[in-house]
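Work through the exercises below with the sequence and the model open. Each task is followed by a solution in steps.

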Amino acid sequence: MKSIFFFLFILIMATSCKNDTKSNNDTSNNDSIALIERAKGIHKRVITLDTHCDINIKNFTDSINYTQNLESQVNLPKMKLGGLDVAWFIVYTGQDTLTNEGYEKAYKNAMSKFDAIHKLVEDIAPHQIELALNSEDVRRISKSGKKVAMIGIENGYPVGTDISNVEKFYNLGARYMSLSHNGHSQLCDSNTGEEDDVWLHNGLSDLGKDVVKEMNRLGMMIDVSHPSKESMKQMIELSKAPIIASHSSARALCNHSRNLDDEQLEWMKDNGGVVQTVAFQTYINTEKNDARNDAIKSIREDVAASLGTTWYDWGDMIILSDEDKEAFYDIRGEIITLADEKATKMTEFPAKVNVSDFVDHIDYLVKKIGIKHVGISSDFDGGGGVEGWSDASETFNVTLELVKRGYTETEIEMLWSGNLLRVLDDVQALANTQS
């Protein structure tokens, strides 16, 4: 009997330590059987919702799709293994020229991703996953045992100059949209303007202002994760509904323009919105991530060459076309995995940004603006992921770290889904009063 208990103890200790998720309140009790079992119970009971999961339409075909355990960070097997209940699949379009040709191309790209998501939930795996349009759908579908799909739009560029496209996207299931990405759109300025202090609209364009009003009318959440600070300020002033930052973290802990500074956080609190803390290494701890990347870059380049391709850092990818970017995304995960395997065999190699670093941002945001205004996102398959939450199969580790830090089940439920769904309810309630 003692040997069995000893085996179980060693197994649990190995599981809790394998991701190097040390917490600020690290004690021997944190790794106890009782704590882990409590975390498992909480994780099973709450609805876990991730507001940002990018997709590649090549993974939504009859022969290759999310019913299989693909290399993608998110798919149905990984969601089931990690206990991730709700994935917001992202209709993402990179920024291009502000021309009719550019808008037409962007619209086609957006429609192809809408089609892919609908194919998954309607044709490929309707018995495993269903599209939700509101919080009631989320709870009903989750209770049925199926996974939940929701849709967000990253970059309003595909709207073009035809505002009726906003309603078209809403009718296809989109429930949030950011008005720009990496580069100024026809709707608003991007956070990337900080680099050279060059702005196109000094916030929102006239069309962008109309789009904000249209999103309020329809019941679509406004996402401020990529727009500039001035754009965000104007959106809050104009919007009658709460807004979200679908995948951003705290700038006070990591000085990146994609994160929100303390003033912006106060705006979010006053607005009644929610910041979906993002597990993106560069936005969590730039210095730690850069040290790791500098040390591993040559290894990744060698691995990429052995696979017949080229390694690109995020900054280098701007030269690639959308098609080349998607081709690189297909193999990027394999390159990283193989390079990491080589790095683990080297002594004193720089550590990865991990779950503990990620939850540090949650802690900061909670203390700064209150737990009602904080949520969780990954940016999986778009560059996101940290050690310990590298894909959907490791989702439990986030809950475990929150339990270690003393968060209650009620608080964990708010962080994982309650706060985001509250904002969605508020946005849709406003729309109903205007209809």
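Angles between helix axes under 35 degrees count as roughly parallel, and those from 65 to 115 as roughly perpendicular. The model is a predicted one.

**Exercise 1. Helix 4 and helix 6**

Task: Determine how the axes of helix 4 and helix 6 are oriented to each other, and name the residues that meet.

Solution.
Step 1. Locate the elements: helix 4 covers residues 100-124 and helix 6 covers residues 164-171.
Step 2. Take the axis geometry. The two axes come within 11 Å and cross at roughly 15°.
Step 3. Apply the cut-off. An angle under 35 degrees counts as roughly parallel, and helix 4 and helix 6 are therefore roughly parallel to each other.
Step 4. Add the handedness: helix 4 passes helix 6 in a left-handed crossing.
Step 5. List the residues. From helix 4 come Y107, M111 and F114, which meet N165, K168 and F169 of helix 6.

**Exercise 2. Helix 7 and helix 15**

Task: Repeat the analysis for the axes of helix 7 and helix 15.

Solution.
Step 1. Helix 7 is residues 206-218, and helix 15 is residues 409-434.
Step 2. Their axes come within 6 Å and cross at roughly 90°. That angle makes helix 7 roughly perpendicular to helix 15.
Step 3. On the helix 7 side the contact is made by N216, R217 and L218, and on the helix 15 side by L430, A431 and Q434.

**Exercise 3. The two sides of helix 5**

Task: Sort residues of helix 5 into buried and exposed, and say what the buried ones pack against.

Solution.
Step 1. Helix 5 spans residues 135-144, and its buried residues are S135, D137, V138, I141 and S142.
Step 2. These buried residues lie on the same side of helix 5, because they cover an arc of only 155° around the axis.
Step 3. The general rule behind such a pattern is that an α-helix has 3.6 residues a turn, so residues three or four places apart point the same way.
Step 4. E136 and K143 are exposed on the other side of helix 5.
Step 5. The packing partners of the buried residues are strand 2 (86-92), strand 3 (129-131), strand 4 (147-154) and helix 15.
Step 6. Check the ends. N134 caps the N-terminal end, with a side-chain oxygen 3.2 Å from the backbone nitrogen of E136. After helix 5 comes G145, which has a positive phi near 100°.

**Exercise 4. Helix 8**

Task: Which residues of helix 8 are buried, and what do they pack against?

Solution.
Step 1. Within helix 8 (residues 229-238), S231, M232, Q234, M235 and I236 are buried.
Step 2. They pack against helix 7, strand 6 (221-223) and helix 9 (262-271).

**Exercise 5. Positive phi outside glycine**

Task: Compare the settings of N155 and D197: where does each lie, and is each buried or exposed?

Solution.
Step 1. Recall the background: most residues other than glycine have a negative phi.
Step 2. Read the angles. Phi is about 100° for N155 and near 55° for D197.
Step 3. Place the residues. N155 is in the loop between strand 4 and helix 6, while D197 is in the loop between strand 5 and helix 7.
Step 4. Assign exposure. N155, at 0% relative accessibility, counts as buried; D197, with a relative accessible area of 57%, is exposed.

**Exercise 6. Three loop residues**

Task: Describe the surroundings of H181, S185 and T161.

Solution.
Step 1. H181 sits in the loop between strand 5 (174-178) and helix 7. Its relative accessible area of 9% makes H181 buried.
Step 2. Leaving out residues up to four places away in sequence, H181 touches Y92, E154, N155, S190, N191 and H226. With H226 there is a polar contact between side chains, at 3.5 Å.
Step 3. S185 is also found in the loop between strand 5 and helix 7, and at 0% relative accessibility S185 counts as buried.
Step 4. Neighbours within four places in sequence aside, the contacts of S185 include Q95, L98, N155 and H201. N155 also appears among the contacts of H181.
Step 5. T161 lies in the loop between strand 4 and helix 6 and is exposed, at 55% relative accessible area.
Step 6. Beyond four places in sequence, T161 touches Y103 and L207. The C-alpha atoms of T161 and T399 are 43 Å apart, with their positions 238 residues apart along the chain.

Notes. Residues are numbered from 1 along each chain as its sequence is written. This is a predicted model: local features need pLDDT of at least 70, side-chain atom pairs count only at pLDDT 80 or more; totals for chains, interfaces and linings use all residues. Side-chain values use heavy atoms; hydrogens and water are left out. Buried means under 20% relative accessible area, exposed over 50%, partly exposed in between (1.4 Å probe, protein chains only). Helices (H or I, at least four residues) and strands (E, at least two) are DSSP runs, numbered from the N terminus. The arc is that of the directions from the helix axis to the C-beta atoms. Contact means heavy atoms within 4.5 Å. A polar contact is a pair of N or O atoms within 3.5 Å; within protein, one must be able to donate a hydrogen and the other to accept it, and residues adjacent in sequence count only if both atoms are side-chain atoms. Axes are lines fitted to C-alpha atoms, for helices over the stretch in contact, and angles run from 0 to 180 degrees between N-to-C directions. Angles under 35 degrees count as roughly parallel, over 145 as roughly antiparallel, 65 to 115 as roughly perpendicular and the rest as oblique. A crossing is left-handed if the near helix is turned anticlockwise from the far one by less than a right angle, and right-handed if clockwise.
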